[in-house]
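This report describes the fold of one protein chain and then turns to selected helix contacts and individual residues. Please keep the structure in view while reading.

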Amino acid sequence: MSTMQETTETGRPNLLKAMQRHTLIPLILVLIVLAAAVDVIKPGTLSGGWVTSMLVSAAPLGLLAAGQTLVVLTAGIDLSVTAVATTSAYLVTSLANHGNGFALIIALAVGIVVGLINGVAVAIFKAQPLIVTLGMGLVVNGALEVYHAVAITNLPDVPAYVIAIGSGSFFGLIPYSLIVWVVIAFLLFVLLKRTGLGRLIYAIGDNEPAAQLLAIRTWLVKLITYMLCGLLSAIAGIVLVGVTSSPQLGLADVYLLPSIAAVVIGGTSIFGGRGSYGGTFVGALILAVLSNLQVLLNAPEPVRDILYGALILAVTTTYGKFMSR
């Protein structure tokens, strides 16, 4: 029996082994297949302009999913990310009359403060992350609605620098939103793979009781992680309002489930301790192409939702089954 298993193991194609060692390979293959499907449905779609459009549309989701990846690696979750993104987008516009720098600082500070509150509740008071962040999202959305009703009469135009970040490009070639996204992706790679904090994040997600026995301040690591998630959510909101040029209540709501789906599709375990932001990065691109595919199919909204959910389920289960072999 053992001989047969060894034969089966050694008989695996080298390509399969390489894919299992390098988890981004199957994700990139899925992305290529979906892009090819887009070109089959509408020949000639694939072009430099289409690629740029996909990158711009995926950037806000990728940034939201960046913070989500960090908390999921600790076996947590953050359902307040879209509320933070919407609020930051709204504040960076509504406070622009007081100075762009002031508005930007306040918009980012909101994300950090919300992350801090989430972190204190989860890490220190041991509250359930799902319930805490869901409640915090409701509080933030409610506060924004009150602010809108009491303090806002006419919302000014989105500042030019925010539009440039969201929709502009470097020499007409590289979108600024992609530059922001790539820089943050690089910083997260360094954080998770090259720093002590990153190793502690993985350790806590893998086995928190064992980490505590090693005298690791797990509460502090979680606190920092949720604060980083809030900050990244605020950045995502600023990029998003730059893409849409239209600040409004509920601006980022549609990104809540996709921000989680991108993490899971990217191979990060919802139980924590395993995964990377590289997978989430490609997962966000996959979801952007899926959305574009739905538009090309010109299906009714309910059918789009069914197709979107079914494709996410298929990609996630197939990828998980493949990587467990």
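The text below proceeds from the overall chain to two helix pairs and then to single sites.

**Overall architecture**

The structure is a predicted model. The protein chain contains 15 helices and two strands. Its C-alpha trace extends over about 75 × 60 × 40 Å along the principal axes. For 325 residues, a compact globule would be expected to have a radius of gyration near 20 Å, and the value of 21 Å found for the protein chain therefore agrees with that expectation. Of the 325 residues, 47% count as buried. Among contacts between residues at least 6 apart in sequence, 75% join residues at least 24 apart.

**Two helix pairs**

The table sets out the geometry of the two pairs.

| Helix pair | Axis angle | Axis distance |
|---|---|---|
| α6 (residues 100-124) and α7 (residues 129-151) | roughly 150° | within 10 Å |
| α8 (residues 160-167) and α12 (residues 218-244) | about 90° | 7 Å |

Helices α6 and α7 cross at roughly 150°; angles over 145 degrees count as roughly antiparallel, and α6 and α7 are therefore roughly antiparallel to each other. The crossing of α6 past α7 is right-handed. On the α6 side, the contact involves Val114, Ile117, Asn118, Ala121 and Val122, which meet Pro129, Val132, Thr133, Met136 and Val140 in α7. By class, this contact of α6 with α7 comprises eight nonpolar and two polar residues, with no charged residues.

The second pair has another arrangement of axes. Helices α8 and α12 pack at an angle of about 90°, which means that α8 is roughly perpendicular to α12. Here α8 contributes Val162, Ile163, Ile165, Gly166 and Ser167, and α12 contributes Ile238, Val239, Val241, Gly242 and Val243. The residues of the contact of α8 with α12 divide into seven nonpolar and three polar, and none is charged.

**Ser177 in helix α9**

Ser177 lies in helix α9, which covers residues 176-194. Is Ser177 buried or exposed? Its relative accessibility is 0%, so Ser177 counts as buried. Leaving aside residues up to four places away in sequence, Ser177 touches Val56, Ala59, Ile165, Gly166 and Val239. Among these neighbours, Ile165 and Gly166 of α8 and Val239 of α12 also take part in the contact between α8 and α12.

**Helix α13 and the loop that follows**

Helix α13 is mostly covered, with seven of its ten residues buried. The buried residues of α13 are Pro258, Ser259, Ile260, Ala261, Ala262, Val263 and Ile265. After α13 comes Gly267, which has a positive phi, near 95°.

Gly275 lies in the loop between α13 (256-265) and α14 (277-297). Because its relative accessibility is 18%, Gly275 counts as buried, the cut-off being under 20%. Which residues does Gly275 touch, not counting residues up to four places away in sequence? They are Leu73, Lys193, Tyr202, Gly267 and Thr268. Gly267 thus appears both as the residue with positive phi that follows α13 and as a contact of Gly275. Gly275 can also be related to an early part of the sequence: its C-alpha atom and that of Val72 are separated by 9.2 Å, with the two positions 203 residues apart along the chain.

Notes: Residues are numbered from 1 along each chain as its sequence is written. This is a predicted model: local features need pLDDT of at least 70, side-chain atom pairs count only at pLDDT 80 or more; totals for chains, interfaces and linings use all residues. Side-chain values use heavy atoms; hydrogens and water are left out. Axes are lines fitted to C-alpha atoms, for helices over the stretch in contact, and angles run from 0 to 180 degrees between N-to-C directions. Helices (H or I, at least four residues) and strands (E, at least two) are DSSP runs, numbered from the N terminus. Angles under 35 degrees count as roughly parallel, over 145 as roughly antiparallel, 65 to 115 as roughly perpendicular and the rest as oblique. A crossing is left-handed if the near helix is turned anticlockwise from the far one by less than a right angle, and right-handed if clockwise. Contact means heavy atoms within 4.5 Å. Ala, Val, Leu, Ile, Met, Phe, Trp, Tyr, Cys and Pro count as nonpolar, Asp, Glu, Lys and Arg as charged, and the others, Gly among them, as polar. Buried means under 20% relative accessible area, exposed over 50%, partly exposed in between (1.4 Å probe, protein chains only). The radius of gyration is taken over C-alpha atoms; the globule rule is 2.2 Å times the number of residues to the power 0.38.
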